[in-house]
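Please open the structure in your viewer, colour it in a way that lets you follow the chain, and keep the selection tool at hand. The tour below moves from one selection to the next and says what is there at each stop.

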Amino acid sequence: WPLETIPNEKPSSGDPKENKQNIAYHYDVSNAFYALWLDKEMVYTCAYCTDWDNDIDQMQQDKLEIICRKLRLKPGETLLDVGCGWGALSCYAAQHYGVIAYGVTLSEQQVAYAQEKIKRLGLQDRVRIELKDYSTVEGQFDKVAAIGIQEHIGFDNYPKYWQTIRRVMKRDGL
């Protein structure tokens, strides 16, 4: 097939409405579709292999663990999970590191899945996932994670993205 005949999301203009349309095109296919090939926690980005014999579930858990360790998460800290997907990192960080996590995504399917997961795990007091453009996030956070979102933002919008991160991250944040 010629490349131009394959549908693809447009590069982001930075407009929140257009961003939502792009994300919906890619992620709001159905959660059942993604469950066919993702790990049990619905982690979308590449895995981290610590042992040749690990399956995808273990590799994705290892990735969540290394992200939390690199962020040096501590109990009671606040974590912003930009482009949080199905909420795996937010839930893992709250369960294993005692943080208060706030995730944002523009996918309605991801939000519905993540909110159900938060209830199922009893994390309502420590994790909140919302349908929101990253650029409209308010508040101050100790730590910020953005796993695999930059390809959706588009190169031209990196300055706006980094300005947003700077605005919401505490002075001594990571």
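Begin by selecting Met42, which is buried, with a relative accessible area of 3%. Met42 lies in the loop between α2 (31-35) and α3, and its phi is positive, at about 65°, although it is not a glycine. Bear in mind throughout that this is a predicted model.

For a contrasting stop, select Arg72, which sits in the loop between α3 and β1. Arg72 is exposed, with a relative accessible area of 57%, and although this residue is not a glycine either, it has a positive phi of about 55°.

**The whole chain**

Now zoom out and show the cartoon of the protein chain, in which there are seven helices and four strands. Followed from the N terminus on, the elements come in the order α-α-α-β-α-β-α-β-β-α-α. If you switch on the surface, its accessible area comes to about 10,000 Å², and 55% of this belongs to carbon and sulfur atoms. Of the 174 residues in the protein chain, 45% are buried. Among the contacts with a separation of 6 or more, 64% are between residues 24 or more positions apart.

**The parallel strands**

Select residues 100-105, which form strand β2, and you will find an element that is mostly covered, with five of its six residues buried. Add strand β1 (residues 78-82), which runs parallel to β2 and is joined to it by five bridges; to see one of these pairs, pick Leu79, whose bridge partner in β2 is Ala101. Then add strand β3 (residues 127-131), which also pairs with β2 in the parallel sense, over five bridges. Here Val104 has Glu130 as its bridge partner in β3, while Ala101 stands opposite Val127.

With the strands still shown, bring in helix α4 (residues 88-97), which together with β1 and β2 makes a right-handed β-α-β unit. The chain then crosses from β2 to β3 through helix α5 (residues 108-121), and this β-α-β crossover is right-handed as well.

**A helix that is largely enclosed**

Keep α4 selected and ask how many of its ten residues are buried. Eight of the ten are, so the helix is largely enclosed by the rest of the structure. To mark the buried residues of α4, select Ala88, Leu89, Ser90, Cys91, Tyr92, Ala93, Ala94 and Tyr97. If you then display their surroundings, the cover over these buried residues includes α3, β1, β2, α5, β3 and β4 (143-145). Just after α4, stop at Gly98, where phi takes a positive value of about 70°.

**Two nonpolar cores**

In soluble globular proteins, nonpolar side chains tend to be buried together. To look at this here, show the side chains of Cys68, Leu73, Leu79, Val99, Val127 and Ile129, which have the most contacts inside the largest nonpolar core, a set of 24 residues. At least two residues of this core come from each of α3 (56-70), α4, α5 and β3, and α4 gives the most, with seven residues.

Centre the view on Val99, and leave aside the residues up to four places away in sequence: the residues that Val99 touches are then Leu73, Lys74, Gly76, Glu77, Leu79, Ala93, Ala94 and Arg126. A second core, separate from the one just visited, has 13 residues and includes Leu80, Tyr134, Phe141 and Ile165.

**A helix with one buried face**

Ile165 leads to the last stop, helix α7 (residues 158-168), where Tyr161, Thr164, Ile165 and Val168 are buried. Turn the view until you look down the axis of α7, and its buried residues fall within an arc of 95°, so they line one face of the helix. An α-helix has 3.6 residues a turn, so residues three or four places apart point the same way.

What do the buried residues of α7 pack against? Selecting their neighbours brings up β1, β4 and α6 (150-153). To finish, rotate to the face of α7 that is turned away from its buried side, where you will find the exposed residues Gln163 and Arg166.

Technical notes: Residues numbered from 1 in each chain as written. Predicted model: local features only at pLDDT ≥ 70, side-chain atom pairs only at ≥ 80, totals over all residues. Heavy atoms only, no water. Buried < 20%, exposed > 50% of the residue type's maximum accessible area, 1.4 Å probe, protein only. Pairing = 2+ DSSP bridges. Right-handed = clockwise from strand over helix to strand, strands pointing away. Core = buried A, V, L, I, M, F, W, Y, C linked by side-chain atoms within 4.5 Å. Contact = heavy atoms within 4.5 Å. Areas by Shrake-Rupley, 256 points an atom, 1.4 Å probe, with all protein chains shown as cover. Arc of directions from axis to C-beta.
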